[in-house]
Number of protein chains: 2
Amino acid sequence: MSSAQHLPRSQIRIGDLARRAGVTVATLRFYESRELIFSTRTSGNVRIYPLHTLRRVAIIAAGQRVGLTLTQIAEALADLPKDRAPSQQHWEELSSKWKMLVDQRIAQLHSLRDSLDGCIGCGCLSTTKCSLFNPQDEAAAEGPGSRWIRNFDADFGPHES
Amino acid sequence: MSSAQHLPRSQIRIGDLARRAGVTVATLRFYESRELIFSTRTSGNVRIYPLHTLRRVAIIAAGQRVGLTLTQIAEALADLPKDRAPSQQHWEELSSKWKMLVDQRIAQLHSLRDSLDGCIGCGCLSTTKCSLFNPQDEAAAEGPGSRWIRNFDADFGPHES
DNA sequence: CAACAAGCTCTAGTTAGCTTGAGCTCAAGC
DNA sequence: GCTTGAGCTCAAGCTAACTAGAGCTTGTTG
């Protein structure tokens, strides 16, 4: 089971896929368990991936870069054919969608930056007055670890400390 | 231990703090365990926070919005006085630093978007030519290949701030 | 034929940021 | 004097995306 001499060029075993895709074999098995990629097995139960899985893994990485969770990526990938490389049209749809998400995220960060800008001179940090603490851009809480600001319902009261 | 009649206005119990800050009491206790906020105790072991803790919590939320981890936020907060509200200068320093981080992040997203832009018209999905997919694939030849995606976010960290 | 590399499954651990729940105390009100 | 509500501690659980390790199989090679 070492070098893939007997495999058609269009197929690849997990170790080679991992090396070429730049992830670990464990990650690939994990992706497979999450149904992001698919394999067949040899008689000896060894995973065999179609070569274009390489592309799928690349798309997964791209999706993560965009800020999507694996679940969201899985949904996107579900629209792609499992048995061959995605067509140009497939990819165009996906990448335009993702581009829009990046654009949105950029816009959010711009408004966050503006808030910080405003705050620098201000320093009030008032939950009622300060734009930093009153974002109008309802945000997609992104990943674990980064909750978006929540609504501060009250101000600091009549007697600011 | 119900309504805070007997507390000075400058102090606040955890329940009220939670309500006014828009987080749960559990979260506040968690923040305290992480040394992001501090309390004294009554004879009955009840936490008493200085009122300006409200501001500290607001700053924590702002830091999260910027994309910092609680550890990074704790470092930033360590420069603020524990016993009173931060001065305007404190806040100016903090918010300018954070603004720079947001700017960096925006720049990163811009380059990501440019990659996607390039990819949309291209559709090649070529692992050799496409700037978005450019792992060390295909030219699988070892050697200093393209650094890619996965290290993209790596330098948004606390390293020296 | 034995060694060894590559694969396999399954379970558990990691980090971050909380959340949930059990079980207990304390002070006030009816 | 008992219920109620707010608090307390400690422990465990959760989600995401993996990582690590034990223990076993498979298949090629010297």
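Is A:Phe30 buried, partly exposed or exposed, and what is its relative accessible area? In this predicted model, A:Phe30 has a relative accessible area of 41% and is therefore partly exposed, since that category lies between under 20% for buried and over 50% for exposed. The residue that follows in the numbering, A:Tyr31, is buried, with a relative accessible area of 3%.

These two side chains also form an aromatic pair, in which the ring centres of A:Phe30 and A:Tyr31 lie 6.3 Å apart and the ring planes meet at 45°. The pair counts as tilted because an angle under 30 degrees would make it stacked and one over 60 would make it edge-to-face. A search of the whole structure, over all chains, finds 2 aromatic pairs. Another tilted pair is formed by B:Phe30 and B:Tyr31, with 6.3 Å from centre to centre and 45° between the planes. In chain B, B:Phe30 is partly exposed at a relative accessible area of 40%, whereas B:Tyr31 counts as buried at 3% relative accessibility.

The wider setting of the pair in chain A can be described next. Chain A contains 5 helices and 3 strands, and its elements, read from the N terminus, follow the order β-α-α-β-β-α-α-α. Of the 161 residues in chain A, 42% are buried, and A:Tyr31 is one of the buried residues. Among the contacts in chain A with a separation of 6 or more, 48% join residues that are 24 or more positions apart. As for its surface, chain A exposes about 8400 Å², of which carbon and sulfur atoms supply 51%.

How values were computed: Residues are numbered from 1 along each chain as its sequence is written. Chains are lettered from A and ligands numbered from 1 in the order in which they are written. This is a predicted model: local features need pLDDT of at least 70, side-chain atom pairs count only at pLDDT 80 or more; totals for chains, interfaces and linings use all residues. Side-chain values use heavy atoms; hydrogens and water are left out. Helices (H or I, at least four residues) and strands (E, at least two) are DSSP runs, numbered from the N terminus. Buried means under 20% relative accessible area, exposed over 50%, partly exposed in between (1.4 Å probe, protein chains only). Contact means heavy atoms within 4.5 Å. Accessible areas come from the Shrake-Rupley method with a 1.4 Å probe; for residues, only the protein chains shown count as cover. Rings of Phe, Tyr and Trp (its six-membered ring) pair if their centres lie within 6.5 Å; planes under 30 degrees apart count as stacked, over 60 as edge-to-face and the rest as tilted.
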